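Please open the structure in your viewer and keep the sequence panel beside it. The stops below say what to select next and what is to be found there.

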Amino acid sequence: MFFILESAIIASSLSVDALTAGFAYGSKKIRIPMYSVWVINLICCGVIGLAMLGGRLVSEWLPEGAAVWIAFAVLFAIGLVKLLDGVVKALIRKHARLDKAFSFSVFDIKFILQMYANPEVADSDVSKHLSAGEAAVLAVSLSLDGMAVGFAAALAGVNPWALMGWSLVTNFAAIVLGRKLGHSLADKLPFNITWLAGVLLIGLAIWRVI
C-alpha cells in the first residue's frame with residue numbers, strides 16, 4: 001500500500017502549481033471551461049508518463065544503487081527550488097518584460113517562464129476565457145516540474161500507473177478548487193503555498209534514501 005501513498009504525495013506536490021494557477025485565474029475572474037481543465041490535466045499527466053518512461057529506460061543502464069541517489073538529488077533540488085518559489089518568481093517578474101500584446105509559441109521558453117511567474121498571462125487575448133490552445137500552452141509551463149519529478153520518480157521505482165492516476169485526480173481537483181478559492185477569497189488573503197510542494201518533495205527524497 002505504500003506505493004499508493006507515495007504516488008499520492010508526489011502527485012499532490014505537483015498539483016500545488018495547478019492550484020496556484022487556478023487561484024490566479026479565479027482572482028482575475030478568468031473563466032476556465034471544463035474542456036480547458038481537461039486539456040491542462042491530460043497534457044500534464046502525459047508529460048509525467050513520458051518522463052517516467054525515460055527514467056525507466058535510463059535506470060536500466062545505471063550501476064546498482066546509483067538510480068536511488070540520482071532520484072534523491074533531483075527531488076531534493078526541486079524541493080529546494082519550491083521552498084524558494086517566491087524569490088524565483090519575483091526574479092522572473094523583474095527580468096521578464098510582460099507586454100500587453102505579444103505572440104507566443106509552445107516552444108517560446110521566455111513565455112513559459114513568464115507564465116510560471118504569472119500564470120494568468122496565458123489568457124493572451126485578454127478575453128477572460130481560457131481557450132483550449134491557451135490551456136495547452138499553460139499546461140507546458142505547469143509540466144516543467146512534472147517532467148523532472150516524473151523522471152526522478154521512475155529512477156526511484158515509483159509505480160507509473162499509480163502516479164499518473166493520482167495526477168489526473170489531484171490536478172483536476174487543484175485547478176477547479178483553486179479557481180473557486182480565487183474567485184471568492186482573492187481580496188481577503190494572500191495565496192502562496194508553493195513552499196508546501198518543496199516540503200513534500202524534500203521529505204520524499206530523504207525517505208527514499210533512509
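Does valine 140 count as buried, partly exposed or exposed? Select it in this predicted model: at 23% relative accessibility, valine 140 counts as partly exposed. The residue belongs to helix α6, and if you add isoleucine 43 to the selection you will find the two C-alpha atoms 7.5 Å apart in space, although 97 residues separate the pair in sequence.

**Helix α2 and its cysteines**

Select α2, which runs over residues 34-59. Its 26 residues should span 38 Å at 1.5 Å a residue, and the end C-alpha atoms are 37 Å apart, which agrees. Colour the buried residues of α2 next; among them are Ser36, Val37, Ile40, Asn41, Cys44, Cys45, Val47 and Ile48, and the list also includes Gly49, Ala51, Met52 and Gly55.

Stay on cysteine 44 and cysteine 45 and show their side chains. Cysteine 44 counts as buried at 6% relative accessibility, and cysteine 45 likewise counts as buried, at 6%. Why is cysteine 44 not bonded to the cysteine sulfur closest to it? That sulfur belongs to cysteine 45 and lies 8.7 Å away, which is too far for a bond. The structure as a whole holds zero disulfides.

**Aromatic pairs**

Now display the aromatic side chains; a search of the whole structure finds three aromatic pairs. For one of them, select tryptophan 38 and phenylalanine 172, whose ring centres are 5.1 Å apart and whose planes meet at 35°, so the pair is tilted. Because tryptophan 38 lies in helix α2 and phenylalanine 172 in helix α7, this pair ties together parts that are 134 residues apart in sequence. Both rings belong to residues in the intermediate class of accessibility: tryptophan 38 is partly exposed, with a relative accessible area of 38%, and phenylalanine 172 is partly exposed, with 25%.

Move on to tryptophan 69 and phenylalanine 72, where the ring centres are 5.8 Å apart and the planes stand at 75°, so this pair is edge-to-face. The two residues are three places apart in helix α3, and are therefore separated by about one helical turn. Tryptophan 69 counts as exposed, at 53% relative accessibility. Add Phe76 to the selection, and you have one aromatic cluster formed by Trp69, Phe72 and Phe76.

**The buried side of α3**

With that cluster still in view, select the whole of α3, residues 66-83, which has 18 residues and reaches 26 Å from its first C-alpha to its last, close to the 26 Å expected at 1.5 Å a residue. Which residues of α3 are buried? They are Ala67, Ala71, Leu75, Ile78, Gly79 and Lys82. These residues cover an arc of only 105° around the axis, which puts them on the same side of α3. In general, an α-helix has 3.6 residues a turn, so residues three or four places apart point the same way.

**The nonpolar cores**

From the buried residues of α3, keep leucine 75 selected and show its surroundings: leaving aside residues up to four places away in sequence, leucine 75 touches Val149, Ala152, Leu201, Ile202, Leu204 and Ala205. Leu75 is also one of the residues that touch the most other members of the largest nonpolar core, a set of 20 residues; the others so placed are Ile10, Met52, Val149, Ala153, Val158 and Leu163. At least two residues of this core come from each of α1 (2-27), α2 (34-59), α3, α6 (132-155) and α8 (194-209). It is α6 that gives the most to this core, with five residues. Apart from it lies another core, of 16 residues, which includes Tyr25, Ile30, Ala135 and Ile175.

**Two last selections**

In helix α1, select serine 13, which is buried, with a relative accessible area of 4%. Beyond residues up to four places away in sequence, serine 13 touches Ala197, Leu200 and Leu201.

Finally, go to leucine 181 in helix α7, residues 160-185; this leucine 181 is partly exposed, with a relative accessible area of 25%. How far apart in space are leucine 181 and threonine 20? Their C-alpha atoms are 9.8 Å apart, while 161 residues separate leucine 181 from threonine 20 in sequence.

Note on methods
Residues are numbered from 1 along each chain as its sequence is written. This is a predicted model: local features need pLDDT of at least 70, side-chain atom pairs count only at pLDDT 80 or more; totals for chains, interfaces and linings use all residues. Side-chain values use heavy atoms; hydrogens and water are left out. Helices (H or I, at least four residues) and strands (E, at least two) are DSSP runs, numbered from the N terminus. The expected span of a helix is 1.5 Å times one less than its number of residues. Buried means under 20% relative accessible area, exposed over 50%, partly exposed in between (1.4 Å probe, protein chains only). The arc is that of the directions from the helix axis to the C-beta atoms. A nonpolar core is a set of buried Ala, Val, Leu, Ile, Met, Phe, Trp, Tyr and Cys residues joined through side-chain atoms within 4.5 Å. Contact means heavy atoms within 4.5 Å. A disulfide is a pair of cysteine sulfur atoms within 2.5 Å. Rings of Phe, Tyr and Trp (its six-membered ring) pair if their centres lie within 6.5 Å; planes under 30 degrees apart count as stacked, over 60 as edge-to-face and the rest as tilted.
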